[in-house]
Amino acid sequence: MGSPQNTILVDRHGQEPWWKAATFYQVYPASFKDSNGDGWGDLPGLISKLDYLDDLGVDCVWVCPIFESPQADMGYDVSDYRKIHAPYGTLADVDTLVRECHARQMKVILDLVVNHTSIEHQWFKESRSSKDNPKRSWYIWKPPRFDEHGNRQPPTNWRGYFAGSTWAWDETTSEYYLHLYAPEQPDLNWDNPECRAAIYQETMRFWLDRGVDGFRIDTVNKFSKHADYTDAPISDPNSSLQPAPEMWCNGPRIHEFIHEMNREVLAPYSAVSVGELSNTPDPQSVLPYVSAKRQELDMVFEFSAIRLGNGNLFGGKYSYQPFTLPTLKAMTSKWQRFIDGTDGWTTVFCENHDNGRAVSRFGDTSTHEFWRRSAKTLALWQTTMTGSLFLYQGQEIGMTNMPAAWGIEEYKDIEAVNFYNEAVASGDQARIDKTKHGLSILARDHSRIPFQWSEEPNAGFCSGEASPWMRVHDDCGTINVEAQTGDPESILEFYRGMLKLRKKHRNVFVFGRHVLLEPEDEHVWIYLKEEQGGDGASTRKRALVVMNFSREERPLLDVAAALGCEGEAARFLVGTDGVESKISSLKGWEGRIYCNFEVAV
Ligand code: NOJ
């Protein structure tokens, strides 16, 4: 059962499951590499870049949804889980992708989108056809309510993620169906055991039997809803629709469902799983999902840090909220430490396809020099943290947000478009301006523009004659793979080196304990990484990560004291500036690592 690859439970060097020390790389297929000149990235394009990923140090490729879909939400609306969206390629291309990854000792995971389907999925077509169709209860249908004037109203007052109600009216049977996202994405009813069995068979085993190594599981904690379907309390008095995540996140049967999915499918194939866990900023609620003995998920994405700057996730999401470095440090430490002393595991990431670019949000893009320096400091941060590391395409070359001067017409994402239109419909100019500003920093579109391979036309993403589906960044002539390859000062080469170093000292960086120092310092971020176990505190390997998150030079703390060793025993391991420039201070956006162990030359 499954491919022999899946049964390999140790990584290349240790005794831990392979996915713990692995570097994952998220590919957004529409924007990675176009091979046929239609302006959309595709599977042959991705396959042609596997050597690039291998050379970078990637162990596992995560491919965002590639299944047949009308693309209301860029493939997160699947109409057939066993077919490939034609512009991306064919089933045979997926087979080639799996084979070519495995030939390079890399693994590949797919995006599993089973909280909802597309309205075009056969299951939904049947479900909506009549109230007594056998698949009726595979989705969540409710009768309307009526107000005091006899006007039809949705069953609850819930606001969905993409603006508007979570309920859509369906004339055929005169009922509403639930959709937490777009009306084109009806929620499946996981309470129905036949529906769950079909999900396991058609969306999971089908792909595991073709050799994929696991899944990133979309919106995993929304499979079980709170069954009472009551109105959410009014938290936004200016709207008839209210945020209601507590009504549909972490519902009463969620752990039962995930454990069943694990027992039925994930475990028998030794498939890796990483779940998307939104609206759960509490470690005690997250731990049960990732505790090894509970056999649910291997790891999850928790979003407190990456969401910094977002307003209220519902109506106010794009009302930008500035934050300080101590807040970012505190969030990071909380989610680094929550597994301490437990059998759980965690993830490290600062970008994905749902957020603005990290260097534009946490770094400094005001000048070319600060862009380069800050992107390397972010690389130092990410590659020294505990957990499985996830990179997002383009992060390794410091791709930035779309230029601020671009007009609203360059934003293609359903969420950005809906929020902007909602602001326009309000007629409130201040709200429109605020939304535009928020979008310019936080929109999902920023991470979805074409990958920058070279200074060729269309950044080498597609041929010069093609029209890319999203506009290519104006800076692609300077920010691209070709320009950075082989340049020892570049972000790309720094990542390459750091990914090796992370593996070499995996006990410290991947598995070590994270200890935050100077939590209130507004400019410099300092933490220790300490090997766990061993003979005792005095002999444990330690690394001290010091990063200047500002443009100005800042004094360096007493490194040996922080490492708990004698002066001579504190060694410089690596830095964003290559050599240790000024011993007693850090330049603007400089990061360094010191350690208490022997550094091989
Ligand atoms: C989370 C995905 O990451 C996002 O892109 C998508 O819009 C929603 N889930 C709905 O599937």
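# Reading salt bridges, a ligand shell and a sheet

Modeller: Asp 95 and Arg 210 form a salt bridge, with their closest N and O atoms 3.0 Å apart. The model is a predicted one.

Biologist: Where in the chain do Asp 95 and Arg 210 sit?

Modeller: The pair connects distant parts of the chain, 115 residues apart. Asp 95 belongs to helix α4 (residues 91-103), while Arg 210 is in the loop between α6 (193-209) and β11 (214-217).

Biologist: How should I read such a pair in general?

Modeller: Side chains of opposite charge can pair when their charged atoms come close. In this structure the count comes to 45 salt bridges.

Biologist: What is the relative accessible area of Asp 95, and what is that of Arg 210?

Modeller: Asp 95 has 25% and Arg 210 has 28%. Buried means under 20% and exposed over 50%, so Asp 95 is partly exposed and Arg 210 is partly exposed too.

Biologist: Which residue does Glu 100 meet in a salt bridge?

Modeller: The partner of Glu 100 is Arg 104, at 2.9 Å from N to O. Glu 100 is partly exposed, at 26% relative accessible area, whereas Arg 104 has 18% and counts as buried.

Biologist: How far apart are N and O in the salt bridge of Arg 431 and Glu 422?

Modeller: The distance in that pair is 3.4 Å. Arg 431 is partly exposed at 34%, and Glu 422 is partly exposed at 23%.

Biologist: Which residues are joined into one network by salt bridges that share partners?

Modeller: That network consists of Asp 73, Asp 354, Asp 413, Arg 444 and Arg 448. Some of these names return at the ligand. Asp 73 and Asp 354 are among the residues that come nearest to the ligand, together with His 116, Asp 218 and His 353.

Biologist: How many residues surround the ligand, and how do they divide by class?

Modeller: There are 13 residues around the ligand. By class, seven are charged, three are polar and three are nonpolar.

Biologist: Which side chains have an N or O atom close to a ligand oxygen?

Modeller: For Asp 73, a side-chain N or O atom is 2.5 Å from an oxygen atom of the ligand. Asp 218 has a polar side-chain atom 2.7 Å from a ligand oxygen, and for Arg 444 the distance from a side-chain N or O atom to a ligand oxygen is 3.0 Å. As for cover, the ligand taken alone exposes 300 Å², and the protein buries 98% of that.

Biologist: Now the sheet. How do I read its strand order?

Modeller: Strands of a sheet pair through backbone hydrogen bonds, either parallel or antiparallel. Here an open sheet has eight strands with parallel pairing, in the order β13-β12-β11-β5-β2-β1-β15-β14. Its edge strands, β13 (299-302) and β14 (347-348), each pair on one side only.

Biologist: How many bridges join β14 to β15?

Modeller: Two bridges join β14 to β15 (residues 388-392), and the two strands run parallel. Val 348 stands opposite Leu 389 of β15.

Biologist: Where does Gly 309 lie, and is Gly 309 buried or exposed?

Modeller: Gly 309 is in the loop between β13 and α10 (325-337). Its relative accessible area is 5%, so Gly 309 is buried.

Biologist: How far apart are Gly 309 and Val 212 in sequence and in space?

Modeller: In sequence Gly 309 and Val 212 are 97 residues apart, and in space their C-alpha atoms are 36 Å apart.

Terms used: Residues are numbered from 1 along each chain as its sequence is written. This is a predicted model: local features need pLDDT of at least 70, side-chain atom pairs count only at pLDDT 80 or more; totals for chains, interfaces and linings use all residues. Side-chain values use heavy atoms; hydrogens and water are left out. A residue is near a molecule or strand if one of its heavy atoms lies within 4 Å of it. A polar contact is a pair of N or O atoms within 3.5 Å; within protein, one must be able to donate a hydrogen and the other to accept it, and residues adjacent in sequence count only if both atoms are side-chain atoms. Accessible areas come from the Shrake-Rupley method with a 1.4 Å probe; for residues, only the protein chains shown count as cover. Ala, Val, Leu, Ile, Met, Phe, Trp, Tyr, Cys and Pro count as nonpolar, Asp, Glu, Lys and Arg as charged, and the others, Gly among them, as polar. A salt bridge is a side-chain nitrogen of Lys or Arg within 4 Å of a carboxyl oxygen of Asp or Glu. Helices (H or I, at least four residues) and strands (E, at least two) are DSSP runs, numbered from the N terminus. Buried means under 20% relative accessible area, exposed over 50%, partly exposed in between (1.4 Å probe, protein chains only). Two strands pair if DSSP finds at least two bridges between them.
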